[in-house]
Amino acid sequence: MRIRTFVDLRTNQRYMLPAGTLVAGRNESSHLRLPDPACSRTHFQIEVNDTGCRITPLAPANPTFLNGQELDGPARLADGANVQAGNT
């Protein structure tokens, strides 16, 4: 199994993505905390398994972008993918 990471390009902080479902958002309990007022408390989720990663937007009022395109449903995350939520 490959080691999967998520990098915050603003801070260059690297997060390990363990297998399972991770939620990103403003909530203190989020696996990936996004301290950005333009983000929802639960903005998107990433599912990690042996075959790869999949992102699903959770906040229709606050869009999630993958490689510059607004997501309207689940999508596969390829190596080097760029995810944007709010101003983050």
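**Note on Asp36 and the strand pairings**

1. The backbone nitrogen of A38 lies 2.8 Å from a polar atom of the D36 side chain, and the D36 side chain also has a polar atom 2.7 Å from the backbone nitrogen of N87. These distances, like everything else in this note, are read from a predicted model, and they should be taken as computed values.

2. As to where this residue sits, D36 belongs to the loop that connects β4 (32-33) with β5 (44-49). Is D36 buried or exposed? Its relative accessibility is 7%, and because buried means under 20%, D36 counts as buried. The picture at this position is therefore of a buried loop residue whose side chain has polar atoms at 2.8 Å from the backbone nitrogen of A38 and at 2.7 Å from that of N87.

3. The strand that follows this loop, β5, is joined to β6 (residues 52-57) by six bridges, and the two run antiparallel. Together β5 and β6 make a hairpin, with two residues between them. For a reader who wishes to find the register in the model, E47 has R54 in β6 as its bridge partner.

4. β6 also pairs with strand β9 (residues 75-77), again in the antiparallel sense, and here the pairing extends over three bridges. Which residue of β9 is the bridge partner of I55? The partner is A75. Strands of a sheet pair through backbone hydrogen bonds, in either a parallel or an antiparallel arrangement.

5. An open sheet is formed by three strands in the order β8-β7-β10, with antiparallel pairing. Its edge strands are β8 (69-70) and β10 (83-85), each of which pairs on one side only. Between strand β7 (residues 64-66) and β10 there are three bridges, and these strands run antiparallel; within this pairing, F65 stands opposite Q84 of β10.

6. Towards the start of the numbering, strand β1 (residues 5-8) and strand β2 (residues 13-16) run antiparallel and are joined by four bridges. The bridge partner of D8 is Q13 in β2. The hairpin that β1 and β2 form has four residues between the strands, and in this hairpin N12 takes a positive phi near 65°, a backbone detail that a colleague may wish to look at in the model.

Conventions: Residues numbered from 1 in each chain as written. Predicted model: local features only at pLDDT ≥ 70, side-chain atom pairs only at ≥ 80, totals over all residues. Heavy atoms only, no water. Buried < 20%, exposed > 50% of the residue type's maximum accessible area, 1.4 Å probe, protein only. Polar contact = N/O pair within 3.5 Å; in protein donor to acceptor, adjacent residues only side chain to side chain. Pairing = 2+ DSSP bridges.
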